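Thanks for making time for this one. I would like to walk through a single chain, with the structure on the screen, and then take your comments.

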Amino acid sequence: MKNLKFTALSALLTSALLYAAPASALVWAESDAGDLLTSAEVTRGAGLPSLDGITGNLTSTNVVGVGASYQVDLFKIFIADAALFSASAVSPTEADTAMFLFDGMGQAIYSNDDFNGSLLSTLPAGVAVSSGHYFLGIGLTGSFALNSLSEDLFLPDGMPAGLGPLASWFATPGTEEQLYGYSIALTGASVAAVPEPAAALLLLLGVGGLAATRTLRRQRAA
């Protein structure tokens, strides 16, 4: 019985180490990103891997009193190296995009629509001043981040207007039929969180239980 307990415990510890081992890099595929701080999609990965990119699609929805408008996808990320951090829409992309960066409290940091004569939006190195959690948003050109008074959070040059945290968006008008794909290349970033603890525990228990069962079968057969 002691051997069985030791084997099960060893399996659990080994699984935990494997689960927590850092992965080299991750490209996050958007699943259901919202556009506000409370509905932003939290990027996750075992071992907190570096986040090399994000891919997704922008769709349109009907807004009462406005009509069809295109969503903005908002992601929670972790900037590990502020000096190195950058985010760039990658060619080829299907849409003329705009990108937005907010700090962990939703305060505006920097935005960009067209970069150096290109329609591909870019947040260049140097816009983040420190490491920590941030929110990265992407939408079609003509999307505007607003505060609770519907004031634009960014100045025309992309710098913050200092008018409070993100509360809503003025989104680009569109139709419901069209999807626009996007791809963002990132440097200096990592995922914002590890997978949910419940999922991790199930993984550990599952692997440990399987190892213990196999050991018990071998002992009974001996």
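**Aromatic pairs and nonpolar cores**

Let me begin with Phe144, which at 37% relative accessibility counts as partly exposed. Please keep in mind throughout that this is a predicted model. Phe170 is likewise partly exposed, its relative accessible area being 43%.

Now to the aromatic rings in general. How many aromatic pairs does a search of the whole structure find? The search returns six. In one of them, Phe100 and Trp169 have ring centres 4.9 Å apart and planes at 70°, and because an angle over 60 degrees counts as edge-to-face, that is how this pair is classed. The two partners come from distant parts of the chain, with Phe100 in strand S8 and Trp169 in strand S13, 69 residues apart. Phe100 is buried, at a relative accessible area of 4%, and Trp169 is buried as well, at 13%. Phe144 and Phe170, with which I started, make a tilted aromatic pair, with 6.1 Å from centre to centre and 40° between the planes. This pair, too, links distant parts of the chain, since Phe144 belongs to strand S12 and Phe170 to strand S13, 26 residues apart. Beyond the pairs, Phe100, Phe102, Phe154 and Trp169 form one aromatic cluster.

Let me turn to the nonpolar cores. The largest of them has 28 residues, and the members that touch the most others are Ile54, Ile77, Phe85, Leu136, Ile184 and Leu186. Which strands each supply at least two residues of this core? They are S3 (50-58), S6 (73-79), S8 (97-103), S11 (132-140), S14 (180-187) and S15 (189-191). Strand S11 gives the most, with four residues. If we take Ile184 and leave aside its neighbours within four places in sequence, its contacts are Asp52, Gly53, Ile54, Ala87, Ser88, Val90, Met99, Leu136 and Ile138. Apart from the largest core lies another one, of 13 residues, and its members include Ala40, Phe100, Ala108 and Trp169. So the edge-to-face pair of Phe100 and Trp169 has both of its residues in this second core.

The next stop is a glycine. Gly34 sits in the loop between strand S1 (25-29) and strand S2. Is Gly34 buried or exposed? With a relative accessible area of 15%, Gly34 is buried, because the cut-off for that class is under 20%. Setting aside neighbours within four places in sequence, Gly34 is in contact with Ser39, Ala40, Glu41, Val72, Asp73 and Leu74. The C-alpha atoms of Gly34 and Gln71 are separated by 8.2 Å, although the two residues are 37 apart along the chain.

Finally, I want to point out two loop residues for their backbone angles. Leu48 is not a glycine, yet has a positive phi of about 50°. Leu48 lies in the loop between strand S2 (41-42) and S3, and at 45% relative accessibility Leu48 counts as partly exposed. Ser150, again a residue other than glycine, has a positive phi near 65°. Its place is in the loop between strand S12 (144-146) and strand S13 (168-170), the two strands that hold Phe144 and Phe170. Ser150 counts as exposed, because its relative accessibility of 52% falls over the 50% limit.

That is where I will stop, and I am happy to go back to any of these places on the screen.

Technical notes:
Residues numbered from 1 in each chain as written. Predicted model: local features only at pLDDT ≥ 70, side-chain atom pairs only at ≥ 80, totals over all residues. Heavy atoms only, no water. Core = buried A, V, L, I, M, F, W, Y, C linked by side-chain atoms within 4.5 Å. Buried < 20%, exposed > 50% of the residue type's maximum accessible area, 1.4 Å probe, protein only. Contact = heavy atoms within 4.5 Å. Phe/Tyr/Trp six-rings, centres within 6.5 Å; stacked < 30°, edge-to-face > 60°.
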